[in-house]
Amino acid sequence: METRIKDAVRNALLALGAPELPFAVERPGDHAHGDYAVNAALVAAKVLGKNPKEVADALATELTKALGDSVTRVSVAGPGFINITLARSVITDALEEAHTEEWGKGVVNAEKRVMVEFTDPNPFKEMHIGHLMSNVIGESVARLIEYSGATVARANYFGDVGPHVAKAIWGLKHAGVTDPDSAAEIGKAYAHGSRSYEESEKAKEEIDALNIALYKGEDRELMEFWRKGRAVSLDAFEEVYKTLGTKFDYYFPESEVADDGVRLVQEGVEKGVFEESQGAIIFNGEKRGLHTLVFITSKGTPTYEAKELGLAFAKEARWPSDVSLILTAAEQVGHFHVALAALKEFAHALAEKTAHIPHGFLRLTTGKMSSREGTIVTATSLINDMVAKAQERAQDVLVAEQVGIAAIKYMVLRQAPGGDIIFNPEQSLSLEGDSGPYLQYALVRATSVLASAEKEGSREDAPAEPYLIERLISRFPEVAARAERERSPHHVAQYLTTLAGEWNSFYAQNRIIGGEYEPYKLFVARAFQNTMKKGLWLLGIPTPEKM
RNA sequence: GCCGCCAUAGUUCAAUGGAUAGAACAAGGGACUCCUAAGCCCUAGAUGUAGGUUCGAUUCCUACUGGUGGCACCA
């Protein structure tokens, strides 16, 4: 419909002698303004040297002719907006579509293969709420892209080598652990090792030596210990993914891309991309207005940046893609600029299709989180707390888990992904108002009504004036498309909250079963139910049957 | 010091350069003998400061103030 209106406006402008103008067809915030608003008259007025109102009147006449039966009203309002109200039948048609499995699905990316990397927790450290945030946003972005028709692969990159591992292993050995069997124990050992690294010269030397030994991989006993610890951490991560509803297609351990990273950097030195400085190999970013960063340390170990290069190639080898997205916290923005600039020097196409999507931090009102100081909030503890809170009102454990997860995910997805979330455990994880459970509750009510109805829904015998909820439902495909385009799930979250609010109003003001227009209201309820289900799926929020 | 991001109601967040700046929480008030009250209805309350561009600026530009992140061997 939007396309039809755009075409009609374009033709009308042509008729008025003002072609090729950048106008907008938008959804007005106020429903009194109709279903669509066009600002073309305001834009064209200047070019034509006429009063915007006159231009609007002329355009409105043209549009009325062009759109015919599909609109009931085309009017001029305000400074020269043209408001368009759709015909009853067009709205009903949209609702019928809203009953289908394909509702809201797009085709814009039908031929594309997109890899999305997210979560990225490091074994030997605990998964904290920062990783949780990455997972929640990443999963939703992946689903949005899938919904736009693309084939998506979810990737998880994790640091199973590097100084933090040496610190954790050193800590475990110092605590006399021979057989690590809990992620929490390893996390504590990491905190101890990390503190010692800064406080004790001796510990620092031992940890550095361990780090190099781990890269070499020649000490069999050490490697066996490393493998055990790694497995314990990774198993714990899988538990969390399962709870959250993410299934990764590909895993990229740093240990498997590190060697390639080193090789690539060494080749790059010959090509003049990298240079030696103070025993290390660096990328001189200053020439390009970026930072200069170390890619290979003076001890010969690759840094994060070098591994990033190896990773890019590894991904391409495992699953060739058209677009490769990487979600991480915003603190890494500078590093990605440098890493991608370096990659561009010798793998132009690969660098071009790779994009870094930064997200903000979960910021505690109680002070900064530090794994070194043991003040981190783990993903597991947050989930457990929230589920326990939901349990107070829930009918069973399964529902409590679904509600708890919804509360957490919604808290993350309700706002634009780039910004920090000010996390106050008391207030942020609300079960009421602007919250995940609010959406679930609206859905459950619709499900409940549909289950207890004895009649079938029908599109026949509709009231002449569509209910507000109908107009909202019809917008869903546009919302999903915009959220995908901007890679911002919050558009879906905002929309669903408005939709749920309108449904709740409708529910409070109308008797559905046994009321006037019962079959049509059931038809509306079914469309709402399906839209809410699809929308919640896009956010990765579970859909309970009852609450 | 240099570079980036941010600043909207008491609080936490929205608003492709457009119409009366939307929600939620907190505050105050209300309805309900009816399909789930994690709900509904009503009231009050906001664009950091100073300029600029524009028919029109929360949105774009400049400066300032405040916050936050990054800046060579962590990831």
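1. A sugar or linking oxygen of RNA strand B sits 2.5 Å from a side-chain N or O atom of E254. This is a predicted model, and that distance should be read as such. Two other contacts with the strand can be set beside it. At N122, a side-chain N or O atom is 3.4 Å from a sugar or linking oxygen of RNA strand B. At Y304, the partner is a polar backbone atom, 3.0 Å from a phosphate oxygen of the strand.

2. Several elements each give two or more residues to the surface near RNA strand B: α2 (40-48), β4 (81-86), β9 (280-283), α11 (304-318), α17 (436-452) and α20 (490-509). Which of them gives the largest share? It is α20, with seven residues.

3. The surroundings of RNA strand B amount to 62 residues. E26, F81, H335, Y441 and R511 are the closest. By class, this surface has 23 nonpolar, 23 polar and 16 charged residues. On the RNA side, sugar or phosphate accounts for 64% of the strand B atoms within 4 Å of the protein. Bases supply the rest.

4. Now the chain as a whole. Chain A has 21 helices and 14 strands. Its C-alpha atoms fill a box of roughly 80 × 60 × 40 Å along the principal axes. Of its 547 residues, 53% count as buried.

5. The second largest pocket deserves its own point. Its volume is about 950 Å³. It has 30 lining residues, and E2, R27, R475, E478 and V479 lie nearest its centre. The elements that give two or more residues to this lining are β1 (25-26), α4 (88-97), α19 (476-486) and α20. The largest share, seven residues, comes from α19. By class, the lining of this pocket divides into 15 nonpolar, six polar and nine charged residues.

6. Where does the second largest pocket lie with respect to the domains? It lies between domain 1 (2-86) and domain 3 (382-539), because both give residues to its lining. One element links this point to the RNA: α20 gives two or more residues to the pocket lining, and α20 also gives seven residues to the surface near RNA strand B.

7. Next, closed spaces. A probe the size of a water molecule, rolled over the atoms, shows where empty space is left. The count here is two cavities of 30 Å³ or more. The largest cavity has a volume of about 120 Å³. It is lined by 17 residues, with A312, K315, S324, I326 and T354 closest to its centre. Two or more lining residues come from each of α11, β11 and α12 (333-346). The most come from α11, which gives five. The lining has ten nonpolar, three polar and four charged residues.

8. The second largest cavity holds about 40 Å³ of space. P121, N156, F158, L234, F237, E238, Y241 and Y251 line it. Both β6 (151-158) and α9 (220-244) give two or more residues to this lining. The largest share, four residues, is from α9. By class, the lining divides into six nonpolar, one polar and one charged residue.

9. T328 belongs to strand β11 (residues 323-329). Is T328 buried or exposed? With a relative accessible area of 7%, under the 20% cut-off, T328 is buried. Its side chain makes a polar contact of 2.6 Å with the side chain of H356. The strand that holds T328, β11, is also among the elements that give two or more residues to the lining of the largest cavity.

10. T301 is in the loop between β10 (293-296) and α11. T301 is buried too, at a relative accessible area of 12%. A polar contact of 2.8 Å joins its side chain to that of T297. After this loop comes α11, one of the elements that give two or more residues to the surface near RNA strand B.

11. L450 lies in helix α17. Its relative accessible area is 14%, so L450 is buried. How far apart are L450 and I512 in sequence and in space? They are 62 residues apart in sequence, and their C-alpha atoms are 9.6 Å apart. The helix that holds L450, α17, also gives two or more residues to the surface near RNA strand B.

How values were computed:
Residues numbered from 1 in each chain as written. Chains lettered and ligands numbered in written order. Predicted model: local features only at pLDDT ≥ 70, side-chain atom pairs only at ≥ 80, totals over all residues. Heavy atoms only, no water. Near = heavy atom within 4 Å. Polar contact = N/O pair within 3.5 Å; in protein donor to acceptor, adjacent residues only side chain to side chain. Nonpolar A, V, L, I, M, F, W, Y, C, P; charged D, E, K, R; others polar. 1 Å grid on protein atoms, 1.4 Å probe; cavity = no way out; pocket = protein on both sides within 12 Å on 5 of 7 lines; lining within 4 Å. Points joined across faces, edges and corners; volume = space filled by probe spheres on them. Domains from an automatic or database assignment. Buried < 20%, exposed > 50% of the residue type's maximum accessible area, 1.4 Å probe, protein only.
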